[in-house]
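Biologist: Please take a close look at one part of this model for me, the surroundings of the ligand. Start with the fold around that part, then work inward to the metal.

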Amino acid sequence: MPDYSNLIQSIVEGNYAKCVELTNEALDEGASPQDIVSSGLQAGMLIVGDRFSTGEFFVPDMLMAARAVTRAMEAIRPHLSDSEIPTLGRVVIGTVLGDIHDIGKNLVAMFLRGAGFEVFDLGAMVPNDRFVTAVKEHDPDIVGMSALLTTTMPSMQHVIAALDSAALRSQVKVIVGGAPVTQRFADQIGADGYAPDGGAAIKLCQKLLGK
Ligand code: B1M
């Protein structure tokens with residue numbers, strides 16, 4: 001198996017030029033694109049997510065790592081058909097109705113993409129029934145909701161109820177997050193999981209999908 005330690009290190013350092021160079025080198029040496037993505041890029045992003053969770057890394061570190069992975073993916077993409085791009089699962093994500101805060105949600109979406117999930121980002125102020133139509137459109141494994149206001153947290157429960165009414169609740173795992181959200185709240189509203197940050201969100205999604 002090729003040694004991806006330098007590639008992983010370039011992601012941890014947020015060095016996108018090095019990351020692209022090492023990705024191209026690995027391709028030239030005959031490494032499989034899928035292997036580069038799963039053993040190199042996703043592995044690097046997982047480390048960065050862990051360091052963010054433990055407080056060792058901050059938002060700019062995440063942005064730089066995500067940029068490195070995004071650029072490397074651009075180099076790899078011509079070598080893969082869409083169906084060959086390894087994906088850990090599909091996630092629909094959005095900030096709930098009435099809530100404009102999208103910085104944390106964007107970060108979580110970026111973390112999940114970097115870790116290998118296919119993410120459909122619905123944006124902010126997402127109406128409850130938009131989550132339902134997005135589940136019908138994209139057939140995700142996971143629905144992720146973000147809320148930053150105590151006044152908008154109840155929308156999470158309304159979305160779960162709407163999924164239930166549409167007979168879609170059993171098809172998806174629902175995860176929630178955002179500064180005022182807690183594990184206790186997630187349990188109360190019948191969500192499948194809560195993550196305090198992007199790194200934890202990666203682990204939670206992997207766990208829920210048995211990856
Ligand atoms: Co507003 N705001 N804001 N705001 N804002 C807060 C949230 C507030 C705590 C500030 C305060 O009063 N101290 C307060 C909420 C109080 C409350 O509800 N208890 C507040 C308020 C009141 C408001 C307004 C109502 C103000 C007004 O107009 N009177 C208004 C709301 C408008 C609306 O939504 N309808 C408002 C507006 C705004 C701005 C537009 C100015 C701007 C948002 C810009 C944007 O997002 N595009 C803004 C900002 C920036 C903040 C603060 C300062 C920072 C939020 C942020 O981006 N944090 C915030 C105070 C604070 O938190 N210190 C505040 C950084 C981000 C990386 O963290 O979003 O927590 P966070 O995301 C984390 C985790 O929570 C987690 O992972 C992320 C990465 O670690 N996470 C998830 C988030 N979503 C997740 C989903 C998951 C899993 C994990 O799974 C799906």
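Modeller: **From the sheet to the cobalt**

In this predicted model, 5 strands make an open sheet with parallel pairing, in the order β2-β1-β3-β4-β5. The edges belong to β2 (117–121) and β5 (193–194). Each has a single partner strand, so one side of each is left without a neighbour in the sheet.

Now take one pair inside that order. Strand β1 covers residues 89–95 and strand β3 covers residues 142–146. The two run parallel and share 5 bridges. Thr95 in this pairing sits opposite Ser146 of β3. Helix α6, residues 128–138, packs on the sheet and touches β1, β2 and β3. The direction of α6 makes about 160 degrees with that of β1.

Next, the ligand. How many residues surround the ligand? The shell holds 25. The closest are Gly98, Ile100, His101, Asp102 and Ser146. Ser146 thus links the two views: this residue faces Thr95 across the strand pair and is also among the closest to the ligand.

Three polar contacts can be listed:

- Gly98 places a backbone N or O atom 2.9 Å from a nitrogen atom of the ligand.
- Asp102 uses its side chain: an N or O atom there is 2.7 Å from a nitrogen atom of the ligand.
- Ile103 has a backbone N or O atom 3.4 Å from an oxygen atom of the ligand.

Which elements give two or more residues to the shell? They are α5 (103–115), β3 and β4 (173–177). Helix α5 gives the most, with 4 residues. By residue class, the shell divides into 13 nonpolar, 9 polar and 3 charged.

Finally, the metal. The cobalt atom of the ligand has a single donor from the protein. That donor is NE2 of His101, 2.2 Å away. Where does His101 sit? Its place is the loop between β1 and α5. So much for the route inward: β1 pairs with β3, the loop after β1 that leads to α5 carries His101, and α5 gives the most residues to the shell.

How values were computed. Residues numbered from 1 in each chain as written. Predicted model: local features only at pLDDT ≥ 70, side-chain atom pairs only at ≥ 80, totals over all residues. Heavy atoms only, no water. Pairing = 2+ DSSP bridges. Contact = heavy atoms within 4.5 Å. Axes fitted to C-alpha atoms, helices over the stretch in contact; angles between N-to-C directions. Near = heavy atom within 4 Å. Polar contact = N/O pair within 3.5 Å; in protein donor to acceptor, adjacent residues only side chain to side chain. Nonpolar A, V, L, I, M, F, W, Y, C, P; charged D, E, K, R; others polar. Donors = N, O, S within 2.8 Å, 3.2 Å for Na, K, Ca; no water.
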